[in-house]
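Reader: I am new to this structure and should like to understand the terms used to describe it. Please set each value against its definition.

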Amino acid sequence: MEQCAPPLPAELKIASDEMRRFGGWALESRLPDERSRDLRMLQEWEAADVIWAPSAHVVEKCQEYGANPAKLRLVRYPIPHWPEYSWRNRTREGAALRVVFAGTLMLGKGVQYIYEALHQSEIARHVDMHFFGGIELSSEGVARLSEVGKVHGAVARARLLQEFAHATVLLFPSLSEGSALVTAEAAGVGLPIIATRESAPPDSATIIEARNATAIRAALE
């Protein structure tokens, strides 16, 4: 079987922890009860001969929640290539770093730590921050992000690849992923990447600690 994402209990624990710390950012204060789905996951692990996962993070979380380590295999997803959007062929104007985040705007993706890294920070004067992706934050959360960058919302993939081509770096401080597609897409056009280990980025990425605004600032510097 393919375990394309971390076990749901792990994801719900992260969501619960972040909602306690950044409660005003979240759309809902309650988390779903998924005990029946948890049981099915355990039954599927038991029935499987092999469980393949796209990242070391997923492998580790599966072991933590009861998967047989002998069944687990790490098989990474491929990186796509779009020569027509090549980052190396584009000119970038101005002295500011054009930094893009791409992905659902939600606590699990770590956007709140981008806010903490840039809010009232000296480095913010040198960063042109842009957020792309569907919005799953409260109006307060969106307002906070708007203090440190421009929130664009969801855009078509062609538009996003164009943004990657003209950016300086992709910043993706996600707290937990199976294997983040946006990091593969950024690598596919040659865009440098700053990301957490938990997002399972390509080997070329600069790795930062999750939940760490100081690490984000240091990487941008």
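Author: Helices and strands are DSSP runs, of at least four residues for a helix and at least two for a strand, numbered from the N terminus. The model discussed here is predicted. In these terms, S138 is placed in the loop between β4 (127-132) and α5.

Reader: What makes S138 count as buried or exposed?

Author: Buried means under 20% relative accessible area. S138 has a relative accessible area of 11%, and therefore counts as buried. Residues up to four places away in sequence left aside, S138 touches G24, W25, A26 and L27.

Reader: How do you know that D17 and K13 form a salt bridge?

Author: The definition asks for a side-chain nitrogen of Lys or Arg within 4 Å of a carboxyl oxygen of Asp or Glu. Between the side chains of D17 and K13 the N to O distance is 3.0 Å, so the pair qualifies. Both residues belong to helix α1 (residues 8-21), where they are 4 residues apart, about one turn of the helix. An α-helix has 3.6 residues a turn, so residues three or four places apart point the same way.

Reader: Which other residue forms a salt bridge with D17?

Author: R20 does, with the closest N and O atoms 2.4 Å apart. D17 and R20 both lie in helix α1, 3 residues apart.

Reader: Why are D17 and R20 described in unlike terms of accessibility?

Author: Exposed means over 50% relative accessible area, and partly exposed covers the range between that and the 20% limit for buried. D17 is at 23% relative accessibility, so it is partly exposed. R20, with a relative accessible area of 61%, is therefore exposed.

Reader: What makes the pair of R98 and E163 a link between separate parts of the sequence?

Author: The side chains of R98 and E163 meet in a salt bridge at 3.0 Å, N to O. R98 lies in strand β3 (residues 97-102) and E163 in helix α6 (residues 157-166), so the pair ties together parts that are 65 residues apart in sequence. R98 is partly exposed at a relative accessible area of 22%, whereas E163 is buried at 12%. R98 and E163 also belong to a network of salt bridges with D128 and R159. In total, the structure holds 15 salt bridges.

Reader: Why is helix α4 called oblique to helix α5?

Author: Helix α4 (residues 111-118) and helix α5 (residues 139-148) pack at an angle of about 40 degrees, with their axes 9 Å apart. Angles under 35 degrees count as roughly parallel and 65 to 115 as roughly perpendicular, so an angle of about 40 degrees makes α4 oblique to α5. The contact is made by V111, Y115 and L118 of α4 and R144, L145, E147 and V148 of α5. These residues divide into 5 nonpolar, no polar and 2 charged. The crossing of α4 past α5 is left-handed.

Reader: What makes helix α7 mostly covered?

Author: Of the 9 residues in helix α7 (residues 181-189), 8 are buried. Among them are V182, T183, E185 and V189. The buried residues of α7 pack against β3, α6, β6 (169-172) and β7 (193-196). G190, which follows α7, has a positive phi near 90 degrees.

Reader: Which residues are buried in helix α3?

Author: In helix α3 (residues 56-64), the buried residues are H57, V58, V59 and C62. Just after α3, G66 takes a positive phi of about 115 degrees.

Methods
Residues are numbered from 1 along each chain as its sequence is written. This is a predicted model: local features need pLDDT of at least 70, side-chain atom pairs count only at pLDDT 80 or more; totals for chains, interfaces and linings use all residues. Side-chain values use heavy atoms; hydrogens and water are left out. Buried means under 20% relative accessible area, exposed over 50%, partly exposed in between (1.4 Å probe, protein chains only). Axes are lines fitted to C-alpha atoms, for helices over the stretch in contact, and angles run from 0 to 180 degrees between N-to-C directions. Angles under 35 degrees count as roughly parallel, over 145 as roughly antiparallel, 65 to 115 as roughly perpendicular and the rest as oblique. A crossing is left-handed if the near helix is turned anticlockwise from the far one by less than a right angle, and right-handed if clockwise. Contact means heavy atoms within 4.5 Å. Ala, Val, Leu, Ile, Met, Phe, Trp, Tyr, Cys and Pro count as nonpolar, Asp, Glu, Lys and Arg as charged, and the others, Gly among them, as polar.
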